[in-house]
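Hi everyone, thanks for coming. I'd like to walk you through a structure that may be new to you, so let's get it up on the screen.

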Amino acid sequence: MEQSILGIAETKAKILEGRTLLLAGDENALRKLPKGNWIGGTIPYFITRPLGGLASRSMVHVTDVTDAVAAFEIIRYDHGSLSRVFTDGAEHGFSFIVLPARSIAHLAFALNAPGYNDFGVRPLVGWISGVHLDDLGEVTPKVFNGQTGAMFSEGGLVLHADLAPGKVANVGIVNLFEQGDGDVLTFPVDGFSAREVLVNGVKEDFASYIRRNELDTRLPLVANYYGVMVNTSFQGIDDAEGEVTFYAPVFKGLQYKHAKPVEDYETAFKNRLEAEGQVAEDRVAFSCNCILNYLYSGLEGKRTEPFVGPITFGEIAYQLLNQTLVFLEVGDV
């Protein structure tokens, strides 16, 4: 397994060798690649081994899983058929998914994945494709099917892989955040936005609550999913409309707390990586990190080995996550 940041010509060469590749790059870079055994998503931000964090519209992040995979198939799902994503996975393998940000499929997966048949039975890892921040609202995020040459901004692509004999796959998460000691927040409906919130059981206007309590919206809401801390990140507050928007949905009835403050985001993130990232580099088949971690931690030019990969508009480790680093580990049985 190998993760590299390559130019167009080097990436073309790998495709023409018949390698099985997971790609990430700017739309114009991915458009220049030939058909082959690959799937990809759009994003121009990366963490790389030689240069650390960088933004590039001409480079492609290449994850080569050829040596770990015995066979694979690439399936396109729409927002309805995504419910089969766990069931369709190989008995002995993993599935890799890419969804375009703000697509119907993205929203459907975010809201419904934990209720899909066979949820969590087989490893599913992936990310939400995006665009350069200068292009927000001007360019749509996309996914690419290298086998057919198709490119689209609606629906998702999944590479279902059978592992080579003697290999095993696991999904890992690195999350900087923990629940704080403040109010318990619950929401009346599922969704990517909220106007009302129950604060310790009392209904309030959520935007007003945030302003009055001066909540730092760089810190996410955190819910405890049976011992696993899952973040929901703030996207913005529309004071005129009285609406708070998120990068992942909140769920009705689930108890959230604003994350515990982090005095030095960059140092805390580095310390958490060192504490939890004790994974041998040659076992990391794929990894990706949230663009909010990239921005708030100042990761441009910084290295996060053994974890490299695309900077994403959302991470997927069985379900949609925010402000995390996720990775797929493949090793010998």
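Before we look at any sheet, one rule: two strands pair if DSSP finds at least two bridges between them. Strands (E, at least two residues) and helices (H or I, at least four) are DSSP runs, numbered from the N terminus. What you see is a predicted model, in which local features need pLDDT of at least 70 and side-chain atom pairs count only at pLDDT 80 or more, while totals for chains, interfaces and linings use all residues. Residues are numbered from 1 along each chain as its sequence is written, and side-chain values use heavy atoms, with hydrogens and water left out.

Let's take the three-stranded sheet. How do β20 and strand β21 run, and how many bridges join them? They run antiparallel, and four bridges join β20 to β21, residues 243-250. Within that pairing, Ile237 has Val244 in β21 as its bridge partner. The sheet is open, its order is β15-β21-β20, and the pairing is antiparallel. β15 and β20 (234-238) stand at the edges with a single partner strand each, so one side of each has no neighbour in the sheet. On average, neighbouring strands here are turned by 20° against each other, direction ignored.

A word on angles: axes are lines fitted to C-alpha atoms, for helices over the stretch in contact, and angles run from 0 to 180 degrees between N-to-C directions. Contact, in turn, means heavy atoms within 4.5 Å. With that in hand, α3 packs on this sheet, touching β15 and β21, and its direction makes about 85° with that of β15. α4 packs on the sheet as well, touching β15, β20 and β21, at about 100° to the direction of β20.

Now the six-stranded sheet. It is open, with the order β7-β12-β8-β9-β25-β26 and mixed pairing. At its edges stand β7 (69-77) and β26 (319-321), each with a single partner strand, so one side of each is left without a neighbour in the sheet. Inside the sheet, β8 (residues 93-100) and β9 (residues 124-129) run parallel and are joined by six bridges. Val98 stands opposite Trp127 in β9. Helix α3, residues 104-112, packs on this sheet, touching β8, β9, β12 (156-163), β25 (315-317) and β26, and its direction makes about 130° with that of β8.

Next, helix α1, residues 8-16. Buried means under 20% relative accessible area, exposed over 50%, and partly exposed in between, using a 1.4 Å probe and protein chains only. Which residues of α1 are buried? They are Ile8, Thr11, Lys14 and Ile15. Seen down the axis, these buried residues fall within an arc of 125°, so they line one face of the helix; the arc is that of the directions from the helix axis to the C-beta atoms. Turned away from that buried side is a face carrying the exposed residues Ala9 and Leu16. The cover over the buried residues includes β1 (2-6), β2 (21-25), α2 (27-30), β3 (38-42) and β6 (60-64). After α1 comes Gly18, whose phi is positive, near 85°.

On to aromatic rings. Rings of Phe, Tyr and Trp (its six-membered ring) pair if their centres lie within 6.5 Å; planes under 30 degrees apart count as stacked, over 60 as edge-to-face and the rest as tilted. The whole structure has 14 aromatic pairs. One of them is Phe119 with Tyr318, edge-to-face at 6.4 Å centre to centre and 65° between the planes. Phe119 lies in the loop between α3 and β9, and Tyr318 in the loop between β25 and β26, so the pair ties together parts that are 199 residues apart in sequence. Phe119 is partly exposed at 29% relative accessibility, and Tyr318 is partly exposed at 22%.

Another aromatic group brings us back to α4. Phe187, Phe206, Tyr209, Phe234, Phe246 and Tyr256 form one aromatic cluster. Phe187 and Phe206 are both buried.

Last, the cysteines. How many disulfides does the structure hold? Zero, where a disulfide is a pair of cysteine sulfur atoms within 2.5 Å. For Cys288, the nearest cysteine sulfur is that of Cys290, 9.0 Å away. Cys288 counts as buried at 2% relative accessibility, and Cys290 is buried at 3%.

Thanks for listening, and I'm happy to take questions!
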